[in-house]
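Subject: Structure for you to look at

Hello,

Here is the structure I said I would pass on. Please open it next to this message and follow the residues as you read.

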Amino acid sequence: MTGSTHIRLAAFCAVAYGLLLVSGIVHHFQRTGSLRALFRSLSYPGFWIVLAVVVLVMYGLFKRQAWAWWLGLAAALFQLFRIGSAYVQGPGAGRMPSTSVLVSLVLLVVFVLLLLPRKARLASNR
């Protein structure tokens with residue numbers, strides 16, 4: 001695969017991660033039917049920060065910007081660290097994570113593996 005193919009696939013992984021993030025809030029609202037829970041989820045600043053970073057990275061990677069490569073790699077590694085540390089230190093240690101957590105981990109790992117090759121970094125040259 002060429003470097004630009006790696007970059008495009010990584011951008012699609014970023015889009016899928018953003019959609020997974022939004023679908024979690026929608027699914028929780030559908031399950032509970034509580035508008036208060038929906039507004040609380042939407043008022044959480046972390047949700048909007050992650051969503052903004054996902055949109056920035058996706059846009060930058062489609063335009064093959066070098067800053068998007070760096071931002072995407074740093075953000076994905078940070079999210080992997082956050083999920084891993086919450087799993088190890090939290091009450092769920094030793095249990096299998098939920099399906100959405102596993103899917104997000106797979107998306108983040110694939111995203112990082114697509115960005116790490118040298119040709120992917122060199123393809124982000126604008």
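**What I found**

Among contacts in the protein chain between residues at least 6 apart in sequence, 73% join residues at least 24 apart. Please keep in mind that this is a predicted model.

**The chain as a whole**

The secondary structure amounts to 6 helices and 0 strands. Read along the sequence, that gives the pattern α-α-α-α-α-α. The C-alpha trace spans about 45 × 30 × 20 Å along its principal axes. The chain has 126 residues, and buried residues make up 29% of them.

**The nonpolar core**

The largest nonpolar core contains 22 residues. Those with the most contacts inside this core are Ile7, Ala10, Tyr17, Leu61, Phe111 and Leu115. The elements that give two or more residues to the core are H1, H3, H4, H5 and helix H6 (118-123). As background, nonpolar side chains tend to be buried together in soluble globular proteins.

Leu61 is a good residue to start from. Leu61 sits in helix H3, which covers residues 45-62. Leu61 counts as buried because its relative accessibility is 0%, and the cut-off for buried is under 20%. Which residues does Leu61 touch, not counting residues up to four places away in sequence? They are Ile7, Ala10, Ala11, Ala68, Trp69, Phe111 and Leu115. Leu61 and Arg8 are 53 residues apart along the chain, and their C-alpha atoms are separated by 6.8 Å.

Ala76 lies in helix H4. Its relative accessibility is 3%, so Ala76 counts as buried. Leaving aside neighbours within four places in sequence, Ala76 is in contact with Leu108, Phe111 and Val112. For one of these, Phe111, the C-alpha to C-alpha distance from Ala76 is 7.5 Å, with their positions 35 residues apart in sequence counted as the separation.

**The largest pocket**

The largest pocket has a volume of about 1200 Å³. It is lined by 37 residues, and the closest to its centre are Tyr17, Leu21, Gln79, Arg82 and Ile83. The elements that give two or more residues to the lining are H1, H3, helix H4 (66-89) and helix H5 (99-115). Which element gives the most to the lining? H4 does, with 11 residues. By type, the lining residues divide into 26 nonpolar, 10 polar and 1 charged.

Tyr17 appears in two of these lists: among the residues closest to the pocket centre and among those with the most contacts inside the core. Setting aside neighbours within four places in sequence, Tyr17 is in contact with Val50, Val54, Gln79, Ser104, Leu107 and Leu108.

One of those partners, Ser104, is placed in helix H5. Ser104 is buried, with a relative accessible area of 7%. With neighbours within four places in sequence left out, Ser104 is in contact with Tyr17, Leu20 and Ile83.

**Three other residues**

His6 is found in helix H1, residues 3-32. Is His6 buried or exposed? It is buried, with a relative accessible area of 9%. The side chain of His6 reaches the backbone oxygen of Leu114 at 3.3 Å. Not counting residues up to four places away in sequence, His6 touches Met1, Leu114, Pro117, Lys119 and Ala120.

Ala37 is in helix H2, residues 35-42. Ala37 is buried too, with a relative accessible area of 9%. Apart from neighbours within four places in sequence, Ala37 is in contact with His28 and Thr32. Ala37 and Ile25 are 12 residues apart in sequence, and their C-alpha atoms are 9.0 Å apart in space.

Arg64 belongs to the loop between H3 and H4. Arg64 is partly exposed, with a relative accessible area of 22%. What is notable in its backbone is a positive phi of about 60 degrees, although Arg64 is not a glycine. Most residues other than glycine have a negative phi.

That is the list.

Best wishes

Note on methods
Residues are numbered from 1 along each chain as its sequence is written. This is a predicted model: local features need pLDDT of at least 70, side-chain atom pairs count only at pLDDT 80 or more; totals for chains, interfaces and linings use all residues. Side-chain values use heavy atoms; hydrogens and water are left out. Helices (H or I, at least four residues) and strands (E, at least two) are DSSP runs, numbered from the N terminus. Buried means under 20% relative accessible area, exposed over 50%, partly exposed in between (1.4 Å probe, protein chains only). Contact means heavy atoms within 4.5 Å. A polar contact is a pair of N or O atoms within 3.5 Å; within protein, one must be able to donate a hydrogen and the other to accept it, and residues adjacent in sequence count only if both atoms are side-chain atoms. On a 1 Å grid over the protein atoms alone, a cavity is a set of points where a 1.4 Å probe fits but cannot get out, and a pocket is an open set with protein on both sides within 12 Å along at least five of seven lines; lining residues have an atom within 4 Å of a point. Grid points are joined across faces, edges and corners, and a volume is the space filled by probe spheres set on the points. Ala, Val, Leu, Ile, Met, Phe, Trp, Tyr, Cys and Pro count as nonpolar, Asp, Glu, Lys and Arg as charged, and the others, Gly among them, as polar. A nonpolar core is a set of buried Ala, Val, Leu, Ile, Met, Phe, Trp, Tyr and Cys residues joined through side-chain atoms within 4.5 Å.
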